[in-house]
Amino acid sequence: MAEIFPNEGLDLIYGLAPKGGTGPANTWIGLFTAYTASTVGSSAATVTSWTECASAGAYARQTISSASWGTVGTTQSGRGSAAAQVTFPTATAVWGTVNGFIVANGATVNAGTVWYGANFDDVTAVAINTNDVIKVTPTWVYTG
Amino acid sequence: MAAEINGHPVAELGNGMLVTVCASCGKLRTILFLDRDRWLCTACRAEGKTKPSLYPVA
C-alpha cells in the first residue's frame, strides 16, 4: 500500500511546527477512486486529483474527531496512529471502485484540502455498490 | 446503522480503543463490509465466507 502527505498536507504540519500554529479541531475522511489499489497521488496532488466519490447515493465525508485518534506507535515506515472506525451511510447507489481514503479539512465532498491519502491495507480495490455498508479505520503515518 | 454489533470480534489497539475486526479471519483491516450481522474484510467477503454454525445438526 502507499500513503502520502501531499504538499498541502505538509503545509499543515509545517504550520504546526516549527511555526507554532493551531491544528484542526477535526478532520474528515473520504474515499477516492483515482490511482490504483497500491498507488496514491503525488506531492502535487490536490483535492480534484484524488477523484473523490461523487456526492450522491448517500456518499458523504465522515467526521474524524481529533479525540478519537489512538496511541501513536511505531509502524514499518515511521510513526502512526489509527482513529476510531468510521461507518459510512448505506450506499443508495453505486459509489464506484474505491482505491483508498483521504483525510481532509472539511465535510464538503470534492472540496477543501487533502492532508493525507492512503490505500487500504489489503491493497485491494473495492467496488461500492448499492446497499453496501463499509467501515473504514482512518490511519495516519509519518514516515521518518 | 449496524455499526456496533454485540458479540462481534474486536481488537484493542493498546490504549483501550476497541476496533472491529473481520468476523471470519479476525484480521484488522482498514476497510470492512457489513454482511448481514457481521463485518467482513474484502477477501473474506469475496470468498463468500459463511457464518459458522454454532448448533450443527446431524
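Here are four worked exercises on a predicted model.

**Exercise 1. Place A:T137 in chain A, decide whether it is buried or exposed, and list what it touches.**

Step 1: Start with the chain. A:T137 sits in the loop that links β11 (134-136) with β12 (139-143) of chain A.

Step 2: Check the accessible area. The relative value for A:T137 is 3%, and the cut-off for buried is under 20%. A:T137 is therefore buried.

Step 3: Look around the residue, leaving out anything up to four places away in sequence. In chain A, the contacts of A:T137 are A:A82, A:A83, A:Q85 and A:F101. From chain B, A:T137 touches B:L28, B:R29 and B:T30.

**Exercise 2. Work out which strands β5(A) pairs with, and in what sense.**

Step 1: Find the strand and its setting. β5 of chain A covers residues 78-82, and four of its five residues are buried, so the strand is largely enclosed by the rest of the structure.

Step 2: Take β4(A), residues 73-74. β4(A) pairs with β5(A) in the antiparallel sense, over two bridges. For a spot to click on, try A:G73, which stands opposite A:G80. Three residues lie between these two strands, and together the strands make a hairpin.

Step 3: Now go to β12(A). Five bridges join β12(A) to β5(A), again in an antiparallel pairing. Here A:A82 has A:T139 as its bridge partner. A:A82 is also one of the residues that A:T137 touches.

**Exercise 3. Trace the four-strand sheet that includes β6(A), then the five-strand sheet of chain A, and name the edge strands of each.**

Step 1: Read off the four-strand order. The open sheet runs β6(A)-β11(A)-β3(B)-β4(B), with antiparallel pairing.

Step 2: Pick out its edges. These are β6 (86-87) of chain A and β4 (38-41) of chain B, each of which pairs on one side only.

Step 3: Zoom in on one pairing. β6(A) and β11(A) run antiparallel and are joined by two bridges, with A:V86 opposite A:V136.

Step 4: Move to the five-strand sheet. This open sheet of chain A has the order β1-β9-β8-β2-β3, and its pairing is antiparallel. At its edges stand β1 (3-4) and β3 (62-65), each with a single partner strand, so one side of each has no neighbour in the sheet.

Step 5: Look inside this sheet as well. β2(A) and β8(A), residues 100-104, pair antiparallel over five bridges, and A:G30 stands opposite A:I102.

**Exercise 4. Describe the largest and second largest pockets by volume, lining and residue class.**

Step 1: Size up the largest pocket. Its volume is about 580 Å³. The lining has 22 residues, and those closest to the centre are A:T75, A:S81, A:A82, A:T139 and A:V141.

Step 2: Ask where that lining comes from. β4, β5 and β12 of chain A each supply at least two residues, and β5(A) gives the most, with three. By class, the lining has five nonpolar, 14 polar and three charged residues.

Step 3: Repeat for the second largest pocket, which has a volume of about 290 Å³. Among its 17 lining residues, A:P24, A:T27, A:W69, A:W140 and A:Y142 lie nearest the centre. The elements of chain A that give two or more residues are α1 (7-16), β2 (26-32), β5 and β12. The largest share, three residues, comes from β5(A). This lining divides into nine nonpolar, seven polar and one charged.

Technical notes: Residues are numbered from 1 along each chain as its sequence is written. Chains are lettered from A and ligands numbered from 1 in the order in which they are written. This is a predicted model: local features need pLDDT of at least 70, side-chain atom pairs count only at pLDDT 80 or more; totals for chains, interfaces and linings use all residues. Side-chain values use heavy atoms; hydrogens and water are left out. Buried means under 20% relative accessible area, exposed over 50%, partly exposed in between (1.4 Å probe, protein chains only). Contact means heavy atoms within 4.5 Å. Two strands pair if DSSP finds at least two bridges between them. On a 1 Å grid over the protein atoms alone, a cavity is a set of points where a 1.4 Å probe fits but cannot get out, and a pocket is an open set with protein on both sides within 12 Å along at least five of seven lines; lining residues have an atom within 4 Å of a point. Grid points are joined across faces, edges and corners, and a volume is the space filled by probe spheres set on the points. Ala, Val, Leu, Ile, Met, Phe, Trp, Tyr, Cys and Pro count as nonpolar, Asp, Glu, Lys and Arg as charged, and the others, Gly among them, as polar.
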